[in-house]
Amino acid sequence: MQQDAGSRLGWGAQLTMRVAQRLYENGYITYMRTDSVTLSQAAISSARAQAASLYGKEYIPSSPRLYEGKTKNAQEAHEAIRPAGDVFKTPGELAPELSRDEFALYDLIWKRTIASQMADAKKMQMRIDFEAVTKKKESAIFRANGSVITFPGFLAAYEDVQEEGAADIDDEAKRLPPMSVGDVIGVNQYTCEGHETKPPARYTEPTLVKKLEELGIGRPSTFASIISTIQDRGYVAKRGRALVPTFLAFSVTGLLEQHFSKLVDYEFTASMEEDLDKIANGEADRVEWLTRFFYGHDDIPGLEALASDLGAIDAQQINTMKMGQDIEIRVGRFGAYIQQGEGDNRKFANIPENMAPDELTLAVAIELLAKPSGERELGVEPETGYPLVAKSGRFGPYVAQVLPEPELVVDKKTGELKKPRKKKDDLKPKTASLLSTMSLDTITLDDALKLMSLPRTLGEYEGETITVQNGRYGPYLTKGADSRTLTSEDQLFTITLDEAIAIYKEPKVRRRGVAKPPVKDLGIDPASQKPVLVKDGRFGLYVTDGETNATLRRGDTVEFLTLERGMELLAGRRAWEAENGGATRVKKKATRSKKSAPSLTAKVVKATGAPKAKKKAASGRGKATSSATL
């Protein structure tokens, strides 16, 4: 179900299971966390009856079809996923009751169930030769290999879909239209195709689920969480539907393979699933198994031995990948970067977040290092005496103070000198983002000093201080909780107190700004026929179809965003809203009215005529508590 929903609907495993959960809870399908392929006799009879009524008796084999599971560690305690009930309801009958996403998944499950009890499709392998005459009066033969369907069988209900990222389709799998000798074929376009060896296709969520299933890793109930985890932790990024590994993934994988090779071995993981099943079935003792797992057995090291050399792990070596010409890729706390050279001659360059590891060649690395990437000394700040440098950060170029290195302290345990631990009240370097008119390679010390002078205090008006500062959405004035937007960045350094007061004397007009044009048009949603657009909003980039908005996930980039990925994000947002009762709304704090409802204690006191309790100060807290004896 997860694989087909990914191939046919463009959904991720997590979204598929979320929608399936709603269908199961509302009684439309059977239990969905199973990989069983067995149907009950009632389900088989219902599927055969519906297939016969919809497509004809010739589409039904003489005897029911029975299937056997081939998956390692299959969980077959439940029936296969199918429409609920002894008589299946068609998708058309349930259309008024289901949401758009629920209908799409139910339709897939219903068709798959019906097709499982239909006859085989019949194909005829064909080779067609086309004779043609060129403009130079030379004869040429064009050949097409493929197959012609003579009897649709189960394909009438459940058409085959070629998975995205799969290898080229074999000639025998290509469909050809019915033809006969002597037919004249109209040619609209000639193309010359060359055959090139292609690298293995990247995994998509459906193909990754298929691979996990083949290796016996995980269960149907855990596939969605596995794929969600590797995306949320930044190990893969999505390009369309392809899962692209990040530099962090290479670093973590290298660490696990070097120091915990046993724990990430495919065979060990699959055998562990089998052992846990034996424990659950009472065939093995859990304490004995945990003892062997922790302490080891038969010359196989356990977890204790693997964890004994954690201090020997060289973090820098693990997070470093050599490229050549003394250039290295390093994975740091704030992302991947390039380093060239050692010591004082080192050069750094940030690797763009949307760059895949296979796109970072040596030539690209040299080009990134050649760009002005920061750490350019501008001079000394007169007021503090600290040096000022220009840098390129994750959120754009900026200038920053360089604080002196803290004095080393003696480690009480080892007696060695080391840097002291950072404290909350430690002095932090002041930073300021560059204006839109500035760039790293042209900024001067005077420009940096102007930026470091912000926020600038202009004076007081109506008993409150007016300041001018630069924010995320541009320059603005503040007076207490009242802020006013400025029209240009030049006003940050030129506006006077009188000009600011004049702005505050004018009534504050609350109006929406002019809507920004779409960043990218992904195409038309085939189901709703509405355009799917990428827009830039107050809280970042998001995809919308005019009714639903979905924020782009980590790893999604505008350049590689496809219509299928946009529809997946929107479907996930709709599913979340369905589970949480609609779109999010800002909840206002409840305020107590002056005449609040009397408490239960007050009602009892009034009913019994007991005297009201006097308030007394709580010990040492300055608050009051009430008590009453009934």
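**Exercise 1.** Classify Ile185 as buried, partly exposed or exposed, and place this residue in the chain.

*Solution.* Step 1: Ile185 has a relative accessible area of 38%. Step 2: buried means under 20% relative accessible area, exposed over 50%, and partly exposed in between, with a 1.4 Å probe and protein chains only. Ile185 is therefore partly exposed. Step 3: Ile185 sits in the loop between strand 2 (139-151) and helix 6. Helices (H or I, at least four residues) and strands (E, at least two) are DSSP runs, numbered from the N terminus. Step 4: Ile185 joins Phe142, Val187 and Tyr190 in a nonpolar surface patch of about 430 Å². Patches consist of residues with over 30% relative accessible area and no salt bridge; like charges are joined within 9 Å, and nonpolar side chains (Val, Leu, Ile, Met, Phe, Trp, Tyr) within 5 Å. A salt bridge is a side-chain nitrogen of Lys or Arg within 4 Å of a carboxyl oxygen of Asp or Glu. Accessible areas come from the Shrake-Rupley method with a 1.4 Å probe, and for residues only the protein chains shown count as cover.

The model is predicted: local features need pLDDT of at least 70, side-chain atom pairs count only at pLDDT 80 or more, and totals for chains, interfaces and linings use all residues. Residues are numbered from 1 along each chain as its sequence is written, and side-chain values use heavy atoms, with hydrogens and water left out.

**Exercise 2.** Describe the chain by its elements, burial, contacts and surface.

*Solution.* Step 1: the chain has 18 helices and 24 strands. Step 2: 32% of its 630 residues count as buried. Step 3: take the contacts (heavy atoms within 4.5 Å) between residues at least 6 apart in sequence; 56% of them join residues at least 24 apart. Step 4: the exposed area is about 41900 Å², and carbon and sulfur atoms supply 52% of it.

**Exercise 3.** Which residues touch the most other members of the largest nonpolar core, and which helix gives the most to this core?

*Solution.* Step 1: a nonpolar core is a set of buried Ala, Val, Leu, Ile, Met, Phe, Trp, Tyr and Cys residues joined through side-chain atoms within 4.5 Å. Step 2: the largest core has 47 residues, and Trp11, Leu23, Ile29, Leu105, Tyr106 and Ile114 touch the most other members. Step 3: among the elements that give two or more residues to this core are helix 2 (13-25), helix 5 (100-115) and helix 17 (563-579). Helix 5 gives the most, with seven residues. Step 4: leaving out residues up to four places away in sequence, Ile114 touches Ala47, Gln50, Ala51, Tyr55 and Phe88. Step 5: a second, separate core of 25 residues includes Leu378, Ala390, Ala448 and Ile495.

**Exercise 4.** Trace the pairing of strands 20, 21 and 22.

*Solution.* Step 1: two strands pair if DSSP finds at least two bridges between them. Step 2: strand 20 (residues 531-537) and strand 21 (residues 540-544) are antiparallel, with five bridges. They form a hairpin with two residues between them, and Lys535 has Tyr542 as its bridge partner. Step 3: strand 21 also runs antiparallel to strand 22 (residues 549-551), over three bridges. Here Tyr542 is partnered by Thr551. Step 4: the hairpin of strand 21 and strand 22 has four residues between the strands, and Gly546 in this hairpin takes a positive phi near 95 degrees.

**Exercise 5.** Trace the pairing of strands 10, 11 and 14.

*Solution.* Step 1: strand 10 (residues 387-393) pairs with strand 11 (residues 396-401) in the antiparallel sense over six bridges. Lys391 stands opposite Tyr398. Step 2: strand 11 pairs with strand 14 (residues 431-433), again antiparallel, over three bridges. Ala400 and Thr431 are bridge partners.

**Exercise 6.** Examine the backbone angles at Lys137, Glu462 and Pro455.

*Solution.* Step 1: Lys137, which is not a glycine, has a positive phi near 65 degrees. Lys137 lies in the loop between strand 1 and strand 2 and counts as exposed because its relative accessible area is 72%. Step 2: Glu462 has a positive phi of about 55 degrees, although this residue is not a glycine either. Glu462 belongs to the loop between strand 15 and strand 16 (464-471), and its 60% relative accessibility makes it exposed. Step 3: the peptide bond from Leu454 to Pro455 is cis, with omega near -5 degrees. Pro455 lies in the loop between helix 14 (445-452) and strand 15 (456-461).
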